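Please consult the sequence and the model together while reading this explanation. It proceeds from the chain as a whole to individual elements and residues.

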Amino acid sequence: MFILKSVVGKLWITIIGLVVVVLLTLSLFLFRYIETSFPKSKDQAETLTRLAVKVANEISLHKEERRYLQVVNELLSAQGASILMVTANFEQIDPPFAQTQDKTFRYTDFFTKADLQKAFAGQSVDNRNTSSGPRAPLSNQYTAVAVPYMNESQTQTAGALILYQLTQSAEETQAYVKKLFVVVGVAGFLMTTFFAFFLLTRITQPLLQLKKAADLISKGEYDTRVPITSSDELGELGKTFNHMGQKLSDTIKALSHEKEHLASVLRSMGDAVITFDADGKVILTNPPGDKVVRDWNEIHWTDDWSGQDERQLPRKPETVPEPLQPLFQGVISEAKEMTAKLHVQSEVWSVVMAPLYSHEIVRGVVAVMRDVTEEFRLDKLRKDFVANVSHELRTPLSMLQGYSEALIDDIAATPEERKDLAQVIHDESLRMGRLVKDLLDLAKMETGNMELNLRELEVNTFLKRIHRKFAGLSKEHGITMTCILPEEELVLFQADEDRVEQVLTNLLDNAIRHTPSQSLIQLSAARTRYKGEDAVLIEVADQGYGIPGEDLPYIFERFYKADKARTRGATGGTGLGLSIVKNIIEAHEGTVHVKSQPGQGTTFSITLPCKAV
């Protein structure tokens, strides 16, 4: 069946079909011509019989007329007939003219003596219609008739005249033509088959090479070429194919370079880029975009399936994450660019979504997302800073203005009252000075311009001095302060003593102001390990009011304060102390942590490496 599907097989079948149709049509018309042009065996015998009777009637009368006999001879020769004459004694005599064939026949070649007896008796005898006895040798090749002829006096039969010619019946001619057509058909089949397999090398082989080359190109081998072996149409086809392959190779290389360029641009982008189709399926991402899709789907997937057996959890779909769904649907429905800021857990993302068109139909959406959490936080800090500074300055300024106006208007009647008003103005000015000083120090720390006077610091001696400094203040408030130090010597080889003292001063001052009387504040130190090196751990623990859990992540931010109702005294802090603490410790390449529970106190832990840089 394979050969019937090939070009050669189809061409072979086509040519065979054409040859068969032509031969059948030709045989049909030829057989019709034979039937009309060639007499049948019976008709041929009757014609010979009539002719033989005429010749027999005339031959005895005109034996001496040579001209007549010559005409008869020519007429018989024109029809391919010859005559034999046999006497009643079965003696063959020559006619007045010679036989037309080169071969000399005997009467026994056509008739038996029994057949001639009938002719001697005055009957016409046909060798095709003789008795059922043995037939003459040439009865199947020649049609012969025997008729009586008379003597010169026309009184009795002198013998028999035999007229014969080759049998040319329509049946035999048709049989011959059929054999001829069979031979021609077989020869045509063989020649067509040979011609078809000849075409296999001239036509099919180049086509097979083209097919093989096309298959290789479809598999990505764009440098494949076909050999050109002729200058005909197949050769032109091969040249066109090679030219097409070259153009395709150049185009694929250009597209590949463009794709690599685009992929490099996408990979190098810090923003997350995600492309969705119209159904919301992710079709293209860069690394940040892939992380966003997986993380956000992970969040939604975990929320939807929390508490389920892990083996029953479905595979996380890479579709439009839940936070992007409203914006995605809006871009698809309105076919225009949209922007939004999304709050996903503790992160803030700026999202720009634009539609992708295909023949004026929205076929997808591209989203460019940027993590603006830090910018959002800094902007919030900036706004809070302005608000907090304004708030912190407004109170002392109002008091300065109010008390100064009281002095100007002589509201104070006695020198003691004027002194009290002036003292308030002095205290508020000192408070404003401390605020400005803290702001300047914090600005220097955050910009990296803070200068540290690094030298060796003996921690035990240093903490004993700090304990003595705050012991009297804590006693005034009814608070017991203890200092627990190890027996071994603790040394910081590179530390700024003044800055470390500023840290502990802030922490102990906060502890005293937020700890009720009859409570305990503990200052302690111990040796520890930090980043694989020796370090010193300093802790300040109180039994104060504690810090709520929701406030803990923000206590080191500027101007952040817990409930001011828990602050002792008429004036509270500036809200910058803990921020300064964190910056000083980080400048020493250390860390500061806090643990607190409302009503159970607060513990600040400071870790400083012994070999701080």
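The paragraphs below treat the overall content, then strands, helices and selected side chains.

The model is a predicted one. Its chain has a secondary structure of 14 helices and 17 strands. Of its 613 residues, 37% count as buried. Among the contacts in the chain with a separation of 6 or more, 62% are between residues 24 or more positions apart.

A convenient starting point is strand β5, which spans residues 157-166. Seven of the ten residues in β5 are buried, so this strand is largely enclosed by the rest of the structure. Two pairings involve β5. With strand β1 (residues 81-87), β5 pairs in the antiparallel sense over seven bridges. With strand β4 (residues 142-150), β5 is joined by nine bridges, and these strands also run antiparallel. Residue G159 of β5 serves as a landmark in both pairings: T87 stands opposite G159, and Y149 likewise stands opposite G159. The strands β4 and β5 form a hairpin with six residues between them. Within the turn of this hairpin, Q154 has a positive phi of about 60°.

Attention now passes to helix α7, which covers residues 233-268 and has 36 residues. From its first C-alpha to its last, α7 reaches 51 Å, close to the 52 Å expected at 1.5 Å a residue. The buried residues of α7 are L234, G235, G238, F241, N242, G245, S249 and L266. An α-helix has 3.6 residues a turn, so residues three or four places apart point the same way.

Further along the chain is an aromatic contact. A search of the whole structure finds four aromatic pairs. One of the pairs found is that of F276 and F328, whose ring centres are 5.8 Å apart. The planes of the F276 and F328 rings stand at 70°, so the pair is edge-to-face. Because F276 lies in strand β6 (residues 272-277) and F328 in helix α9 (residues 325-334), the pair ties together parts that are 52 residues apart in sequence. Both partners are enclosed: F276 is buried, with a relative accessible area of 0%, and F328 counts as buried at 3% relative accessibility.

The final region is built around an open sheet of five strands, with the order β12-β14-β15-β17-β16 and mixed pairing. Its edge strands are β12 (480-484) and β16 (591-597), each of which pairs on one side only. From one strand to the next, the twist averages 20°. At the β12 edge, five bridges join this strand to β14 (residues 520-530), and the two run parallel. Within that pairing, I484 has S524 of β14 as its bridge partner.

Two helices pack on this sheet. Helix α12 (residues 459-476) touches β12, β14 and β15 (533-542), and its direction makes about 175° with that of β12. Helix α13 touches β12, β14, β15 and β17 (601-609), and its direction makes about 25° with that of β15.

Is R499, a residue of helix α13, buried or exposed? R499 is found in α13, which comprises residues 497-513. Its relative accessibility is 19%, and buried means under 20%, so R499 counts as buried. The side chain of R499 is also joined to that of Q502 by a polar contact of 3.0 Å.

Conventions:
Residues numbered from 1 in each chain as written. Predicted model: local features only at pLDDT ≥ 70, side-chain atom pairs only at ≥ 80, totals over all residues. Heavy atoms only, no water. Helix = DSSP H or I, 4+ residues; strand = E, 2+ residues; numbered from the N terminus. Buried < 20%, exposed > 50% of the residue type's maximum accessible area, 1.4 Å probe, protein only. Polar contact = N/O pair within 3.5 Å; in protein donor to acceptor, adjacent residues only side chain to side chain. Expected span 1.5 Å × (residues − 1). Pairing = 2+ DSSP bridges. Axes fitted to C-alpha atoms, helices over the stretch in contact; angles between N-to-C directions. Contact = heavy atoms within 4.5 Å. Phe/Tyr/Trp six-rings, centres within 6.5 Å; stacked < 30°, edge-to-face > 60°.
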